Structure formats: structure tokens, C-alpha cells
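The following questions and answers explain how the terms applied to this structure are justified. Each answer sets a value against a definition.

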Amino acid sequence: MNYTTVLENHTRLLSCVTKAMELASKVHKHQTRSFANEPYINHCIRVANNPEVVKQGALAICVALMHDCMEDAEYPEEITKYIQDNFPVEVFDACKLLTHDRMEHTYQEYIQNILDSKNRYAIIVKYADSLDNSTPTSSMPEEWISKCKLYKARSEQYLSYFNEVFNGS
């Protein structure tokens, strides 16, 4: 592989991350996290900055940034089509798996679908998402603090599963 090829690959991946950030910012523009009183996009950025996600590379970072876009968009069909048409299939597939249709699946079924898929991006992003959701804030009501403990336990299970499947440990 020569210098030009490496540069082209990095430029393509950087463009992918930039597009993902732009889309997530647009979709979550007026949203706040009810229990944390902060812009929702901050959650997506923290998930994308999780060291386990970063280790998986630029496509995992794209998935992390957009992990709630299809679910939270005002026009989910348009966002789904945009992601499908403008991102690599691995990114689209992971984002689709991370979209919880509450009318079709219980939370446990949703999680089982992610785990059964063995999709490395979906599993590691779900880990980082749950871990971020498990971090209490000073303004968080007591009921959410108890939920944080559950999210923390789940996140550890997802990381353990990820390591078992993809790292053999």
C-alpha cells in the first residue's frame, strides 16, 4: 500500500465521521437528555469517544455518533434512507440493529438481536451507550440513579460478550 492509498483511505474515513457528526447534530439539535439537562448530542459524542469504540476505528465512531438517529429522528424513514445511501453497509447495518422498535420488540428481544447478530460495531456501541447511561449526574433524580446501576451491569455484560466473541477472551 502506498502513501496515496493510505491518505485516500484516511480521508474517506474522516469524511465518514464528519458526515456522521453532522447528521447526529442535525437529528438531535433540539433534544435534551431529560435526566441530565444537557444537549442530547453530548451523549452521542461520549459514546463515540469511549476507548473501546475508538479501538474499533472510524466506522465504529460513525455508528456511535448515529446510534440513536433512526430512532429519535422526526422523520425516521428519511434518516434511515440517508444513512443507507451515504455510509458503508457496515455502518448502516449496525445503526439499524441499534434502533429499538418498541412496538415490535421488548427491550430484551432488542438486546438479544444485537448480540445474536455478532455485529462488532453494534455490540461495542451498545456497550458504550449503556456505560454512558450508567453514569449518574448531580442533577439526576433518584429513580434514574437506580437505573444507572442496571445500565452499568448490562454494559459490563456487553463488553464481556464482545471480548469473548471477537477477542477470544
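Q: Why is N133 called buried or exposed?
A: This is a predicted model, in which local features need pLDDT of at least 70 and side-chain atom pairs count only at pLDDT 80 or more, while totals for chains, interfaces and linings use all residues. Residues are numbered from 1 along each chain as its sequence is written, and side-chain values use heavy atoms, with hydrogens and water left out. A residue is buried under 20% relative accessible area, exposed over 50% and partly exposed in between (1.4 Å probe, protein chains only). N133 has a relative accessible area of 13%, and is therefore buried.

Q: Where is N133 found?
A: N133 belongs to helix α9, residues 120–133. Helices are DSSP runs (H or I, at least four residues), numbered from the N terminus.

Q: What makes a polar contact between the side chains of N133 and R33?
A: A polar contact is a pair of N or O atoms within 3.5 Å; within protein, one must be able to donate a hydrogen and the other to accept it, and residues adjacent in sequence count only if both atoms are side-chain atoms. The side chains of N133 and R33 make such a contact at 2.5 Å.

Q: Which residues does N133 touch, not counting residues up to four places away in sequence?
A: N133 touches R33, H43, C148 and Y151 on that count. Contact here means heavy atoms within 4.5 Å.

Q: What is known of D129 in the matter of burial and contacts?
A: D129 also lies in helix α9. Its relative accessible area is 6%, so D129 is buried. Leaving aside neighbours within four places in sequence, D129 is in contact with H43, V47 and H67.

Q: Why is I123 called buried or exposed, and which residues does it touch?
A: I123, found in helix α9, has a relative accessible area of 0% and is therefore buried. Not counting residues up to four places away in sequence, I123 touches I114, L115, K118, Y158, Y161, F162 and F166.

Q: What makes Y107 and Y110 an aromatic pair, and is the pair stacked, edge-to-face or tilted?
A: Rings of Phe, Tyr and Trp (its six-membered ring) pair if their centres lie within 6.5 Å; planes under 30 degrees apart count as stacked, over 60 as edge-to-face and the rest as tilted. The whole structure holds three aromatic pairs. Y107 and Y110 form one that is tilted, at 5.6 Å centre to centre with 55° between the planes. Both lie in helix α8 (residues 107–117), three residues apart, about one turn of the helix. Y107 is partly exposed because its relative accessibility is 25%, whereas Y110, at 6%, is buried.

Q: Is the pair of F162 and F166 stacked, edge-to-face or tilted?
A: F162 and F166 form a tilted aromatic pair, with 4.9 Å centre to centre and 45° between the planes. They are four residues apart in helix α10 (residues 142–167), so about one helical turn separates them. F162 is buried, since its relative accessibility is 0%, while F166, at 24%, is partly exposed.

Q: How do you know that the charged end of K19 sits over the ring of F87?
A: A charge sits over a ring if NZ of Lys or CZ of Arg is within 6 Å of the ring centre and within 35 degrees of the ring normal. The charged end of K19 sits over the ring of F87, 5.1 Å from the centre of that ring.

Q: What is notable about the phi of K118?
A: Most residues other than glycine have a negative phi. K118 has a positive phi of about 55° although it is not a glycine. K118 lies in the loop between α8 and α9 and is partly exposed because its relative accessible area is 45%.

Q: Why is D116 called buried or exposed?
A: D116, found in helix α8, has 51% relative accessibility and therefore counts as exposed.

Q: How many residues of helix α4 are buried?
A: Nine of the nine residues of helix α4 (residues 58–66) are buried, and the helix is mostly covered. Among them are A58, I61 and M66.

Key:
Helices (H or I, at least four residues) and strands (E, at least two) are DSSP runs, numbered from the N terminus.
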